[in-house]
Every structure is written in C-alpha cells, then in structure tokens.
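User: I would like to go through the charge pairs and one helix of this protein. Please show me the structure.

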Amino acid sequence: MTIPPALEPPSRLLLGPGPSNVHPRVLRALSTPVVGHLDPAYLTLMDETRRMLQHVFQTTNALTLPISATGSAGMEACFVNLLEPGDEAVVCVNGVFGTRMADIVGRCGATLHTVEAPWGRIVDPADVEAALAKCRQPKLVAVVHAETSTGAWQPLEEIGALAHAAGALFVVDTVTSLAGCPVRVDDWGIDACYSGTQKCLSCPPALAPLTFSERAVEVLQRRRSKVQSWYLDLTMITKYWGEERVYHHTAPISMSYALYEALRIVVEEGLAARWDRHRRNHEALAAGLEAIGLGLAAQEGHRLWQLNSVTIPDGVDDAAVRGRLLHEFGIEIGAGLGPLKGRTWRIGLMGENSRPASVLTLLEALERVLADAGHGRAAGAGVAAAAAAYSTGAANVEC
Ligand code: PLP
C-alpha cells in the first residue's frame, strides 16, 4: 500500500463546544514514558488523581475515579450501575444531553418519566416535583448541569432536595461545568456525577471523571442483578482502584498522565479563581457580542460562562461564517444542534481558552466576517466593548 501522509494536524483556536485547546503542560505529560498499569509509580498517580478529583468535584466520596472512555461512558456508567429493569427514573430534558440520558434509562429497562423544558430554558423544579408525584418509587432523578447544546445553566439544589425527599438518588451531568463554574457535589446532595476531560479541564477527550456518594454505593451493592455492562461495572472497576488492585482493563496510561497534569493545573490556579476567570471572560464576550448586534440565546440569568449560545442574525449564512472563521482565521466555533441548528452558534470559552486573547481574537474575526456578510457595525465595536468590560470589571454573577 502507499504510505499515507505524515500526521500534521492544523493548529486551531478551539472555541466550540469541546474539545478545547490542551494546555502545553498536558501535551508534554502525554509524551512521557508509558509504565505498566500496576507499576508502583502508576498506582501512586492513581491515588493522587483520585484526591485531586475529589477536590475538583468538592466531595469526600471514596468512589471517585476516571472511567476509561469519554463523557458518554460516564453518563452510561451512572445509569447502568444504578438502574435495574423495572426501576423508575425521572430525567430532565431540555437539550441533547438530557435526551441521551433518557435514551440510556430506557435501554436499562427502567420506566422513564421525562420532565421537559424548551431548549435554552432551565427545568422548573415544580415540574420535577409533579413527575415524582406520579412515580411509585423513583430510583433516581437526573439532570444536566451545563447543557452544552443550548448554553443553559441549570440550578441544582432544589431538584436535588426534591429527589431526596422522594427517596431517590440525584444524578448530575457535569461534563461541561466541571472546573469552569462551581460544582459542589457534597453540598448539593449529588449522588452520582460524571464529567469529561476535554472541556474545562483542557485535556484531550478520553476519560470521564465520576463520583458516587455512599448512598449511591449502597444502591450499587444491593443490586439484585449484575450490572448489564461488563466494561462499566463499578463493582469490578473499584477493585482495581481500591486496595486489591485487581486487573480489570489496561488503564489508559498516557491519558492518565494528561488528566493528572490537568488536575494539577486546576489545583494550582485554585477553583474559585478559575471559576471567576470563566465568569469574567464570558462577560467580556457577551459585551463584545452585544456591541456587534449579537444576542445570547439561553435563558437570561441562566447562561453558562463556558458555553455561549449565540443567536444567528436573520439573513446570515451559518455554515459560511463558521467556515470562514475556521479556514481564514483558524478558529473553530460550534453549530447549533437539534431545533437550534442554523439558529445558533456555540462559542466555548473553556479551561485554557477562557482568556482575553481568545475573546478579543474571536470578536475581531467575527466582526470582519459579519461585516462582509452585510451585518456590519462600527469597525472594532465588539473588541472595544469587550476591552471596556475587562477594564471596568463586569457585574458579578451569582452562582
Ligand atoms: N454531556 C454533556 C453535557 C456534553 O456536553 C457531552 C459532550 O459534549 C457529553 C455529555 C458526552 O461527552 P463525550 O462526547 O465526551 O462522550
């Protein structure tokens, strides 16, 4: 056969819904020597990783580890370990990822009760309460904290309290929220929570940090049937992560190095400082977008800092704008999904990419492309508004 060309991926500014750009220290960690998955050095790294994940999730949960696959495997791991055929589950659906949770619940053979909200809006706790009232014995309530498909930021505490009052576990998707805005697993009564590495952790995609409360572990231990997925069975995976160190699957060593370094970077920066950085850059971006006539699509007061869903102005060609940003400026932004396809762009400011240079570079490029598309404003208005937001310090947002 002919030899394909050498690998030369283009260098991009990744301002879409993920992956985000990987921190150079994480890239270096990826190129360090691979050791065996039972090597004492690797076992130490596992322990430290777990400790750092507990910190980032703000939990003392003993069962805290990265699943060896992407965020979707974290999602699937929560449901296959907690649900058995015939159980009842309440799933909040206001975007792509709630829809996926509902799909997985059905595949587990559980009875599904969905609580819907329009895409871009948050789920109303009163609707969750009404759905719980219809259940005989709900096993869990599941919700997406940061709905990447819409940019909506779901408050959690009230829904968690309703779940517990009904005797159910509280399951939360924090794939896009973790390390970009507050995630307080213990304070908010979250029983099962998963994330991904490629968003606000600025690591490549491939691991799914996950944490289970003691209550969730008890449910797992009391199962009547085997966990239906062999690969995601936490009763076996925890034997490798626990004292026994029993082989389950070969750990993704290089990705574990990457996550280890990414977590060290988060701990060095400090969670509060990191969250505040995400807030400030979001506010500057929002000011810049407004100055060039672009509005945010998600419900006001519930907009994510790390994922900005932007309404595409009438008459502007969605794909053409994204194509020019990518090919002329090397900037990736995301398209809308589902009902928002063609109606929104998704601009991520996640982890490494949540910084003034990304905001100003994007605004300048977007202004130019939009001006060519006949949607011009005073040249430089977006960049000037964002710069002004940085210098005045934008309004504080409660979290
Ligand atoms: N949940 C949310 C909120 C996400 O944004 C994503 C991915 O974008 C996933 C789950 C699935 O994660 P992955 O694509 O890493 O499997």
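Analyst: R368 is partly exposed (between 20% and 50% relative accessible area, 1.4 Å probe, protein chains only), at a value of 48%. This is a predicted model, in which local features need pLDDT of at least 70, side-chain atom pairs count only at pLDDT 80 or more, and totals for chains, interfaces and linings use all residues. Residues are numbered from 1 along each chain as its sequence is written, and side-chain values use heavy atoms, without hydrogens and water.

User: Which residue forms a salt bridge with R368?
Analyst: A salt bridge puts a side-chain nitrogen of Lys or Arg within 4 Å of a carboxyl oxygen of Asp or Glu. Here the closest N and O atoms are 3.5 Å apart. The two partners sit four residues apart in helix 12 (residues 356-372), so about one helical turn separates them. Helices are DSSP runs of H or I, at least four residues, numbered from the N terminus. The partner is E364.

User: How far apart are the closest N and O atoms of R274 and E269?
Analyst: R274 is buried (under 20%), with 3% relative accessibility. E269 is partly exposed at 28%. Their salt bridge has an N to O distance of 2.9 Å.

User: How many salt bridges does a search of the whole structure find?
Analyst: One of them joins E328 and R324 at 2.8 Å. R25, E261, R264 and E268 are linked in a network. The search finds 20.

User: What arc do the buried residues of helix 8 cover around the axis?
Analyst: In helix 8 (residues 234-241), the buried residues are L234, I237, Y240 and W241. They lie on the same side of helix 8, because their arc, taken from the axis to the C-beta atoms, is only 115 degrees.

Methods. Helix = DSSP H or I, 4+ residues; strand = E, 2+ residues; numbered from the N terminus.
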